[in-house]
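This briefing goes through a single protein chain residue by residue, grouped by topic. Please keep the sequence and the model open while reading.

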Amino acid sequence: MSSTPEKRVQELHLTLPPAPKPVAVYKTAVKFGNLLFVSGHGPLKADKTLITGRVGKDLNTEQGKEAARQTGLAILATIKEQLGSLDKVKKLLKTYGMVNCTDDYLDQPKVINGFSELMKDVFGEDGVGARSAVGHNSLPGNIAVEIECIFEVEA
């Protein structure tokens, strides 16, 4: 990819929500050396509401995937606020994706692909890292998806 992550956000006509603020005692991201540890984020929309519900009951797989994509946009907003520019990201190293779903739901990887595809669109191959996609029987505030990740960034 020839353009930068900041330019790709514009080219893809992405709208980042406001960077979320902590709802308890933690930081949304912590930079340590050349690593940025991003705390669990939910599917925060531009109007500051969250996508809620359980995949397999309230939401189908495609709606869950959209929630994961929206979570990715919230994470991008946090990165931009923390680093000043998405261009300072070198690589996505690890993603831990949690899906609020029914006990019999089995397509968590398809849901978390909403996040992974967005990261690849923005960062190219450097947006593809190691990943876990797991189901949970509940998440805070009944959010549909929660994702945390680790990025390599400029030191």
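Thr 71 belongs to helix H2, a helix that spans residues 61–83. The coordinates come from a predicted model. The points below start from Thr 71, pass to His 41 and the largest pocket, and then take up Met 119, three loops and the domain record.

**Thr 71 in helix H2**

- Thr 71 has a relative accessible area of 0%, so this residue is buried, the cut-off for buried being under 20%.
- A polar atom of the Thr 71 side chain lies 2.8 Å from the backbone oxygen of Ala 67.
- Beyond its neighbours within four places in sequence, Thr 71 is in contact with His 41, Gly 42, Pro 43, Val 145 and Ile 147.
- Val 145 falls in strand S5, which covers residues 145–153.

**His 41 in strand S2**

- His 41 is part of strand S2, which runs over residues 35–41.
- His 41 counts as buried because its relative accessibility is 3%.
- The side chains of His 41 and Thr 78 are joined by a polar contact of 2.7 Å.
- With neighbours within four places in sequence set aside, the contacts of His 41 are Pro 20, Thr 28, Thr 71, Ala 74, Ile 75, Thr 78, Val 145, Glu 146 and Ile 147.
- Val 145 and Ile 147 appear among the contacts of His 41 and also among those of Thr 71.

**The largest pocket**

- The volume of the largest pocket is about 380 Å³.
- This pocket is lined by 15 residues, and those closest to its centre are Val 23, Tyr 26, Gly 40, His 41 and Gly 42.
- The lining of the largest pocket consists of eight nonpolar, five polar and two charged residues.
- His 41 is therefore a buried residue by its 3% relative accessibility, and it is also one of the residues closest to the centre of the largest pocket.

**Met 119 in helix H3**

- Met 119 sits in helix H3, residues 108–123.
- With a relative accessible area of 0%, Met 119 is buried.
- Contacts of Met 119, other than neighbours within four places in sequence, are Gly 72, Leu 76, Leu 92, Gly 124, Gly 127 and Phe 151.
- Met 119 and Ala 77 are 42 residues apart in sequence, and their C-alpha atoms are 13 Å apart in space.

**The loop between S2 and H2**

- Ile 51 lies in the loop between S2 and H2, and Lys 48 is placed in the loop between S2 and H2 as well.
- Ile 51 has 17% relative accessibility and so counts as buried, whereas Lys 48, at 61%, is exposed.
- Residues up to four places away in sequence not counted, Ile 51 touches Pro 43, Lys 45, Leu 59, Ala 67, Gln 70, Ile 143 and Ala 144.
- Ile 51 and Ser 39 are twelve residues apart in sequence, with a C-alpha to C-alpha distance of 18 Å.
- Lys 48 is a residue other than glycine with a positive phi, near 75°.

**The loop between S4 and S5**

- Asn 142 is found in the loop between strand S4 (130–136) and strand S5 (145–153).
- Phi of Asn 142 is also positive, near 60°, and this residue is not glycine.
- Most residues other than glycine have a negative phi.
- Asn 142 has 35% relative accessibility and therefore counts as partly exposed.

**Asp 87 between H2 and S3**

- Asp 87 is in the loop between helix H2 and strand S3 (89–100).
- A relative accessible area of 31% makes Asp 87 partly exposed.
- Two side-chain interactions of Asp 87 can be listed: a polar contact of 3.4 Å with the side chain of Thr 4, and a reach of 3.0 Å to the backbone nitrogen of Glu 6.
- Leaving out neighbours within four places in sequence, Asp 87 is in contact with Thr 4, Pro 5, Glu 6 and Glu 154.
- The C-alpha atoms of Asp 87 and Gly 33 are separated by 17 Å, with their positions 54 residues apart along the chain.

**The domain record**

- An unreviewed UniProt entry places the feature "domain: Endoribonuclease L-PSP/chorismate mutase-like" at residues 11–141.
- Over residues 11–141 the chain is 31% helix and 23% strand.
- The end C-alpha atoms of residues 11–141 are 33 Å apart.

Methods. Residues numbered from 1 in each chain as written. Predicted model: local features only at pLDDT ≥ 70, side-chain atom pairs only at ≥ 80, totals over all residues. Heavy atoms only, no water. Helix = DSSP H or I, 4+ residues; strand = E, 2+ residues; numbered from the N terminus. Buried < 20%, exposed > 50% of the residue type's maximum accessible area, 1.4 Å probe, protein only. Polar contact = N/O pair within 3.5 Å; in protein donor to acceptor, adjacent residues only side chain to side chain. Contact = heavy atoms within 4.5 Å. UniProt positions renumbered as here; feature names shortened; annotations may be inferred. 1 Å grid on protein atoms, 1.4 Å probe; cavity = no way out; pocket = protein on both sides within 12 Å on 5 of 7 lines; lining within 4 Å. Points joined across faces, edges and corners; volume = space filled by probe spheres on them. Nonpolar A, V, L, I, M, F, W, Y, C, P; charged D, E, K, R; others polar.
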